[in-house]
Structures are given as structure tokens and as C-alpha cells.
Amino acid sequence: MTKFHSFSFNFFTIFIILLFASAAASSKCSCESQDHHQEQDHIDSQALKYKLIAIASILVASSLGICLPLLVKNISYLSPEKDFFFLVKAFAAGVILATGFIHILPDAFESLESPCLPENPWHKFPFSGFVAMMAAVGTLMMEAYATGFHKRLELRKAQPVDGDEESDDHHHHHEAHGGHVHGSGLVMEAPNSSELIRHRVISQVLELGIVVHSVIIGISLGASERVNTIKPLVVALSFHQFFEGMGLGGCISQAKFKSRAIAIMVLFFSLTTPIGIAVGIGISSIYNEHSPTALIVQGLLNSASAGILIYMALVDLLAADFMKTKMLSNTRLQLGANFSLILGACCMSLLAKWDDH
């Protein structure tokens, strides 16, 4: 799992470099924001005050959201075997699904269809939808490869140590203990281990998709010069990060990482948006979100992030639970899960009214 965390960190670093490059290029762009020069009086301590409040508020909301599922996982009625856990997961999946469809994908279309971009090729082809589709397909391929790799590694490790003698001993042990083979671990451990691997891959890919968007919205907020835009975003993004954190925290709790890995993932999620805001404050004097370079970088990365989150919500979170025998054989649980799903999606969708950056 260390390699995947290294990949996530490198992706994050490259992303920050790209946004710094877009910020530098934006100062030479002729297509500037209409309000850029009209609201210079708001680039003062009042705007900075709300940005600092946003850093603190979003940090607390993100930390609380992602830690909540981890802190309550030992409560009996919240264990994965209980019905209430399915309802919580359905709500979190609805939040993540709405994040992809309502918050991120429309932003990607807006960026890549901006009049500040040349008509050819950006207005001739739906790049946002194409990149989102390819990101979803790429996520499927990456999940399949990662899970297959760990599965093959596990099977190789589970091979019997010695030939016929070991097999005879195992057979005798099998008969004496009611039919469970403990020597190779194939019968008892493989199913649980495969499920654990799946949860770990899901949680890491999901965090990567969320972090990409979190950096973008953080920098956009930090670089904003309009107080009227910043004020509602503080509340909207705090709830946004809290709900996203709950969804991610639920996946991490099922993955059963070691304490160090959990701490890294919690810090990575909690600090991403506040760091993005701080970077945005630092480059606010030269950053122009309407520059062609910034629009292209944000549009493509938002498209990829939307594709990842939509795939994860529908396939890994919803389909995996909604098709389980426990769900299919319990009508009340099905109705409750459907209601929780719609509630989570609607709550996150309502935030789009204020999440206009």
C-alpha cells in the first residue's frame, strides 16, 4: 500500500505544479474577469479574514467528517453486519455521487466551454464528458489490476510448504477439526482477504478522486477577490467537506488499515483544501481563473475527478451493497437504503446553490 500512497503524493505534487504554472500564465491573458478591476477594494483585510475563517472551518469540518466513521466503528449497531451501517453507506454514496454529477462535472463543462478558450478544438468536441468517461474506465482497469495483483500474490503465499507429507498432515488436521483447512489458509482466509483488498483499493482510489477536486476548490477560494463569493462558500464548502469525509471515512474503516496508514489518509484529506486556500491566497495577485491555461487545467482535472467519483459511487459503493443477499432479501432495508441514497444525493445537491465559485 506504500506504493499507492507514494503515487497519490506524486500526483498531488504534479497537480500543484500545474496550477502554479497556470497562475503564472494567467497574468498575460487578455480574457480577464469582468469584476477583476472593479472590486479591488475587496482585496483587503476583510477578504483575507473570511479566507482564514474558511481555512479553520473547512479543516474542522473535514477532520470531523472523516474521523466520525472511524471513531464510531466499534459501536455495535454501526458494525458492517448491522442494517444501520447499510443506510449510512447509502447516504455517503449519494453524497459522493452528487459531488461528481452536480458539483464537479458542471464546473468542468463550464471551464472547457468558456469563451476565453479558442473555439478549435475546445468548442468542437465534448472534452469534459470524454475525459470523465476515460477516467471511469481507467479507474475500473486500475482497480481490476490492483486487486488481481494482490490476489495472485496472496495465492502464491498460500501454497503448501511441502508436498505429499504436508498434504497428508493437512488432510488429517482437516478431518479432526470439522472440515476446515488451517495449513494453507485458502478456505478460511481467502474470501475475507479478497474483500479486504477490495476495500483498500476502493478507499485509496476514492481519496485520490476527492483530493483532486479539493485542491481545485481550495485554490479557487483562496484566489477569489470577491467577498460576496467567499462568504457563502465558507459554509457550503464546510458541509461539502464534512459529507465527503463521512463517505471516505466509511470506506477507510472497512479497509482496516494500520494506524499509521489511517493517520496519513485522514491528514491528506483534511489538509488538502486548507492548503489549497493558502496557496490561492499566496498567488491571488497573479492568478486569473479565466486564463486559458487555468481553465484547461481545471477543466480536465475536474472531468477526471468527476469520472472517478461517479464510477466509485455507482459501482464500488452502491452496486456492491444493493446486490448483496442481505439487501435483496429484506424489503425494509431496501426501502431504507433507497431513501438514504436519495437523501444524501439531495442534501449534497442543495449545496450547489451556494457552491458557485
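Reader: How many disulfides does a search of the whole structure find?
Author: Zero. The model is a predicted one, and a disulfide here needs two cysteine sulfur atoms within 2.5 Å.

Reader: Why is cysteine 346 not counted as bonded to cysteine 347?
Author: The closest cysteine sulfur to that of cysteine 346 belongs to cysteine 347 and is 7.1 Å away. The cut-off is 2.5 Å, so the distance is too far for a bond.

Reader: What makes cysteine 346 and cysteine 67 partly exposed?
Author: The class in between runs from 20% to 50% relative accessible area. Cysteine 346 has 42% and cysteine 67 has 24%, so each falls in that class.

Reader: How many salt bridges are there, and why is the pair of aspartate 83 and lysine 326 called one?
Author: The count is four. In the pair of aspartate 83 and lysine 326, the closest N and O atoms are 3.2 Å apart; the limit is 4 Å, so the pair qualifies as a salt bridge. Aspartate 83 belongs to helix α3 (residues 83–112) and lysine 326 to helix α11 (residues 325–328), with their positions 243 residues apart in the chain.

Reader: Are aspartate 83 and lysine 326 buried, exposed or partly exposed?
Author: Partly exposed: aspartate 83 has a relative accessible area of 33%, and lysine 326 has 34%.

Reader: How do you know that aspartate 321 forms a salt bridge with lysine 89?
Author: Their closest N and O atoms are 3.0 Å apart, against a limit of 4 Å. Aspartate 321 lies in helix α10 (residues 292–322) and lysine 89 in helix α3, so the pair ties together parts 232 residues apart in sequence. Lys324 also belongs to this network of salt bridges, together with Lys89 and Asp321.

Reader: What makes aspartate 321 and lysine 89 buried?
Author: Buried means under 20% relative accessible area. Aspartate 321 has 5% and lysine 89 has 13%, so both are buried by that rule.

Reader: Why does the pair of glutamate 119 and lysine 124 count as a salt bridge?
Author: The closest N and O atoms of glutamate 119 and lysine 124 are 3.6 Å apart, and the rule asks for a distance within 4 Å. Lysine 124 is exposed, because its 57% relative accessibility is over 50%.

Reader: How many aromatic pairs does the search find, and why is the pair of tyrosine 145 and phenylalanine 149 called stacked?
Author: Seven pairs are found. The ring centres of tyrosine 145 and phenylalanine 149 are 6.5 Å apart and the planes meet at 20°. Planes under 30 degrees apart count as stacked, so this pair is stacked. Both residues lie in helix α5, four residues apart, which is about one turn of the helix. Tyrosine 145 is exposed at 58%, whereas phenylalanine 149 is partly exposed at 36%.

Reader: Which residues do ring pairs link into a cluster?
Author: Phe91, Phe239, Phe242 and Phe243.

Reader: What makes the charged end of lysine 49 sit over the ring of tyrosine 50?
Author: The charged end of lysine 49 is 5.1 Å from the ring centre of tyrosine 50; the rule asks for a distance within 6 Å and an angle within 35 degrees of the ring normal.

Reader: Which residues make the nonpolar surface patch, and what lets methionine 133 belong?
Author: Phe125, Phe130, Met133, Met134, Val137 and Met141 make a patch of about 560 Å². Methionine 133, in helix α5 (residues 127–157), has 45% relative accessibility and counts as partly exposed. A patch residue needs over 30%, so methionine 133 passes on that point.

Methods. Residues are numbered from 1 along each chain as its sequence is written. This is a predicted model: local features need pLDDT of at least 70, side-chain atom pairs count only at pLDDT 80 or more; totals for chains, interfaces and linings use all residues. Side-chain values use heavy atoms; hydrogens and water are left out. A salt bridge is a side-chain nitrogen of Lys or Arg within 4 Å of a carboxyl oxygen of Asp or Glu. Helices (H or I, at least four residues) and strands (E, at least two) are DSSP runs, numbered from the N terminus. Buried means under 20% relative accessible area, exposed over 50%, partly exposed in between (1.4 Å probe, protein chains only). Patches are made of residues with over 30% relative accessible area and no salt bridge: like charges are joined within 9 Å, nonpolar side chains (Val, Leu, Ile, Met, Phe, Trp, Tyr) within 5 Å. Accessible areas come from the Shrake-Rupley method with a 1.4 Å probe; for residues, only the protein chains shown count as cover. Rings of Phe, Tyr and Trp (its six-membered ring) pair if their centres lie within 6.5 Å; planes under 30 degrees apart count as stacked, over 60 as edge-to-face and the rest as tilted.
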